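Trainee: Please pick one single part of this model and take a close look at it with me. I would like to follow how that part sits within the whole chain.

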Amino acid sequence: RKILQASIMSTDTDLSLSSYDEDQGSKFIRKAKEAPFVPIGMAGFAAIVAYGLYRLKSRGNTKMSLHLIHMRVAAQGFVVGAMTLGMGYSMYREFWAKPKP
């Protein structure tokens, strides 16, 4: 009887813990559905940094520090823009797109 009771208890805790067991991929997908502009900002940031690194050799007479500052400002501007659009979108959904009771 103790073995049966122990197995029932372990399945109860397994079921309650399985709802919290979430791998990184599904967590990222869930978060991306909740706030779609976050992955867009991350992708834009990565794209701008990759393009800046690609253009690093062909920067001409521009100093390295100035090139890196421009790249950083562009990447941060893209992220801030994506966050601003995301906040505007969520405010629209919350206040204007919601039907009034």
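Mentor: Before we look at neighbours, note that contact, or touching, here means heavy atoms within 4.5 Å. This is a predicted model, in which local features need pLDDT of at least 70 and side-chain atom pairs count only at pLDDT 80 or more, while totals for chains, interfaces and linings use all residues. Residues are numbered from 1 along each chain as its sequence is written, and side-chain values use heavy atoms, with hydrogens and water left out.

The part I would choose is Val49, which lies in helix H3 (helices, H or I of at least four residues, and strands, E of at least two, are DSSP runs numbered from the N terminus). When residues up to four places away in sequence are set aside, Val49 touches Met71 and Ala75. A related view comes from the backbone: Val49 and Ala74 stand 25 residues apart along the chain, and their C-alpha atoms are separated by 8.8 Å. Even with these contacts to Met71 and Ala75, Val49 counts as partly exposed, because its relative accessible area is 25% (buried means under 20%, exposed over 50%, and partly exposed in between, with a 1.4 Å probe and protein chains only).

Now set Val49 against the record. An unreviewed UniProt entry carries the annotation "transmembrane region" for residues 35–54 and 74–92; its positions are given in the numbering used here, its feature names are shortened, and such annotations may be inferred rather than shown by experiment. Val49 falls inside the annotated residues 35–54, a span that is 90% helix and 0% strand, with its end C-alpha atoms 30 Å apart. Ala75, one of the residues that Val49 touches, falls inside the annotated residues 74–92. That span is 100% helix and 0% strand, and its end C-alpha atoms lie 27 Å apart.

Finally, widen the view to the whole chain, which has four helices and zero strands, so that, by the DSSP runs used here, its elements read α-α-α-α from the N terminus on. Of the contacts between residues at least 6 apart in sequence, 58% join residues at least 24 apart. Buried residues make up 9% of the 101 residues in the chain, and Val49, being partly exposed, is not one of them. The accessible surface of the chain comes to about 8800 Å² (by the Shrake-Rupley method with a 1.4 Å probe; for residues, only the protein chains shown count as cover), and carbon and sulfur atoms account for 67% of that surface.
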